[in-house]
Amino acid sequence: ATYAALVDEHIMFKNMADDPYLVAAGIAADWPHGRGCYVSEDRSVVVWVGEEDHLRVISMHTGTVLSAAFDRLRAALDVLGGIDGLAFAMSPDYGVVTSCPTNVGSGMRASVLLPLPRLTADGTDTAARAIATPLGLSVRGVGGEHTPVGADGTCDISPSARFCITEAEILSKLYSGLELLKQHEDDAELSTDVGAPDGHTESDTPAIDSRM
């Protein structure tokens, strides 16, 4: 597959030289040299090399069971941690040491790609943010930070905190936030659909892609 195709599939990270924040911090220096990714045969586990951190391990799962992605991530970290000469940077006071200060702590970002076509009907994530932010959740575009929502209204939902929070609390916050966002999305659908008998409409549970 070409680089562009891998980026579109969320397998490979985007061109770092296009991100002014990474360029200003010197993190994008020498792009694309020293960058790449390892991908499992079923594409459920990806290891990014040389993005913001030396290694970024990603577990992906399509469905509503977030723990499936977490269990796979734990297994992948155990395998990597067993490689001679490879040790993750850990601080006894601050937890996992990362390039971006917002990831210090657990070092884990759990996110879900969730279609919210009604809440993003104006082409922005404003309505979704209004619901998610009080819950401590971030809303991003499908391409990550500083990118727009998907053409179908898909947003990237994740807890904002990584520091002073456990992995279990991260998943719990995500579950609660997704439930509320889905309820608001369904309510918006009910209020905007026209012609449904007795004001009723059917809404399928959206397919979600979880990443950790």
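1. A salt bridge here is a side-chain nitrogen of Lys or Arg within 4 Å of a carboxyl oxygen of Asp or Glu. By that cut-off Glu52 and Arg56 form one, with their closest N and O atoms 3.9 Å apart. The model is predicted, and the points below should be read with that in mind.

2. The pair in point 1 can be placed by its exposure. Glu52 counts as buried, at 18% relative accessibility, while Arg56 counts as partly exposed, at 23%. Glu52 and Arg56 also belong to a network with Glu51 and Asp53, held together by salt bridges that share partners. In total the structure holds eight salt bridges.

3. The sheet is the next thing to look at. Seven strands make up an open sheet, in the order S1-S2-S3-S9-S6-S8-S7, with antiparallel pairing. Its edges are strand S1 (36–39) and strand S7 (137–140), each of which pairs on one side only. Neighbouring strands are turned against each other by 25° on average, direction ignored.

4. Helix H3, residues 66–81, packs on this sheet. The helix touches strands S2 (45–49), S3 (55–62), S6 (111–115) and S9 (209–211), and its direction makes about 150° with that of S3.

5. Strand S3 can be followed to both of its partners. Five bridges join S2 to S3 in antiparallel fashion, and Val45 has Ser59 in S3 as its bridge partner. S2 and S3 form a hairpin with five residues between them, and in the turn Gly50 has a positive phi of about 80°. With S9, S3 pairs in the antiparallel sense over three bridges. There Thr62 stands opposite Asp209 in S9.

6. Which residues form a nonpolar patch on the surface? They are Leu55, Phe88 and Met90, with about 280 Å² of accessible area together. Leu55 is found in strand S3 and is partly exposed, with a relative accessible area of 31%. A patch residue needs over 30% relative accessible area and no salt bridge, so the 31% of Leu55 meets the area requirement.

7. At the S7 edge, four bridges join S7 to strand S8 (residues 154–159), and the two run antiparallel. Arg140 stands opposite Asp156 in S8. Asp156 also meets Arg109 in a salt bridge between their side chains, at 2.5 Å from N to O. This pair links distant parts of the chain, 47 residues apart: Asp156 lies in strand S8 and Arg109 in the loop between strand S5 (95–96) and S6.

8. Is Asp156 buried or exposed? Asp156 counts as buried, at 5% relative accessibility, because buried means under 20%. Its partner Arg109 is partly exposed, with a relative accessible area of 23%.

9. A further salt bridge joins the side chains of Glu9 and Arg43, at 2.4 Å from N to O. Glu9 lies in the loop between helix H1 (3–8) and helix H2 (20–25) and Arg43 in the loop between S1 and S2, so the pair ties together parts that are 34 residues apart in sequence. Glu9 is partly exposed, with a relative accessible area of 39%. Arg43 is partly exposed as well, at 34%.

Terms used
Residues numbered from 1 in each chain as written. Predicted model: local features only at pLDDT ≥ 70, side-chain atom pairs only at ≥ 80, totals over all residues. Heavy atoms only, no water. Pairing = 2+ DSSP bridges. Axes fitted to C-alpha atoms, helices over the stretch in contact; angles between N-to-C directions. Contact = heavy atoms within 4.5 Å. Patch = residues over 30% accessible without salt bridge, like charges linked within 9 Å, V, L, I, M, F, W, Y side chains within 5 Å. Areas by Shrake-Rupley, 256 points an atom, 1.4 Å probe, with all protein chains shown as cover. Buried < 20%, exposed > 50% of the residue type's maximum accessible area, 1.4 Å probe, protein only.
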